[in-house]
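Trainee: I would be grateful for a close look at one part of this protein, namely its largest cavity and the residues around that space. Please set that part in the context of the whole chain.

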Amino acid sequence: MSGTGYASNFAAYIEKYIQFKCSIGYSESSYRRRMGQFDRFCAQNFPDAETVSEEVVLAWYRLQGGESENNRTQRMVALKSLLDYLNASGIGAYAIPEGCIGKLKPYMPYLYSAKELECFFHGADTLPASPLSKQRHLIAPVVFRMHFCCGLRPPPENSRTAPQGGGTCRAVHKKSVSQGIS
């Protein structure tokens, strides 16, 4: 095992790949997660592999328990980037042919029926008072309506702000398309 927590025979290559991606401005966190998944997979299923062969790639390509097509596509895009780096560095690795990975499929949101919405808001409106949270029964209906009607989401823990004077909520930090909303 390397000092970075990677355990497969590709640990040093993965670390150099992540350093390279960071040096050209990419975020380290997303690469570490995907490369960590691939490393654990290789350590468990191909502990003696010297190169990332077609056999390794095809095994990694298989859907994993309960996984969506989009998740597999994201895994394969990350692996293709690693393999391209290895091949460009002169380290032999299987090259995934162009067009084999596919494209992400758009997420289809669930649309609530009128009856489901009626039941949901009735539940929020009739929430009993709780000794653990004395204002829960007052706040929950408002919060649920804000989320549903305005498309607001709970903010990350580090960006919460107190309500402004006059009962007005102010969105201080907004997400953009590049940060995961569309």
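Mentor: The account below moves from the whole chain to the cavity, then to the aromatic rings and two single residues.

This is a predicted model, in which local features need pLDDT of at least 70 and side-chain atom pairs count only at pLDDT 80 or more, while totals for chains, interfaces and linings use all residues. Residues are numbered from 1 along each chain as its sequence is written, and side-chain values use heavy atoms, with hydrogens and water left out.

The protein has six helices and zero strands, where helices (H or I, at least four residues) and strands (E, at least two) are DSSP runs numbered from the N terminus. Along the sequence the order is accordingly α-α-α-α-α-α. Of its 182 residues, 25% count as buried; the term means under 20% relative accessible area, with exposed over 50% and partly exposed in between (1.4 Å probe, protein chains only). A contact requires heavy atoms within 4.5 Å, and among contacts between residues at least 6 apart in sequence, 47% join residues at least 24 apart.

Now to the cavity itself. Rolling a probe the size of a water molecule over the atoms shows where empty space is left. Here a cavity is a set of points, on a 1 Å grid over the protein atoms alone, where a 1.4 Å probe fits but cannot get out; lining residues have an atom within 4 Å of a point. Grid points are joined across faces, edges and corners, and a volume is the space filled by probe spheres set on the points. One cavity of 30 Å³ or more is counted, and the largest cavity holds about 40 Å³. Its lining consists of Phe 10, Tyr 13, Glu 50, Thr 51, Val 52, Leu 86, Ile 91, Gly 92 and Ala 93. By class, six of these residues are nonpolar, two polar and one charged; Ala, Val, Leu, Ile, Met, Phe, Trp, Tyr, Cys and Pro count as nonpolar, Asp, Glu, Lys and Arg as charged, and the others, Gly among them, as polar.

Two of the lining residues lead further. Val 52 is 43 residues from Ala 95 in sequence, yet their C-alpha atoms are 9.2 Å apart. Ala 95 sits in the loop between α4 (69-88) and α5 (114-125) and is partly exposed, at 47% relative accessibility. Phe 10, for its part, forms one aromatic cluster with Phe 38, Phe 41, Phe 46 and Trp 60. Rings of Phe, Tyr and Trp (its six-membered ring) pair if their centres lie within 6.5 Å; planes under 30 degrees apart count as stacked, over 60 as edge-to-face and the rest as tilted. The count is eleven aromatic pairs. Phe 41 and Phe 46 have ring centres 6.0 Å apart and planes at 50°, so this pair is tilted. Phe 41 is buried at 13% relative accessible area, and Phe 46 is buried at 15%.

Finally, Tyr 31 belongs to helix α2 (residues 28-45) and is buried at 14% relative accessibility.

Note on methods
1 Å grid on protein atoms, 1.4 Å probe; cavity = no way out; pocket = protein on both sides within 12 Å on 5 of 7 lines; lining within 4 Å.
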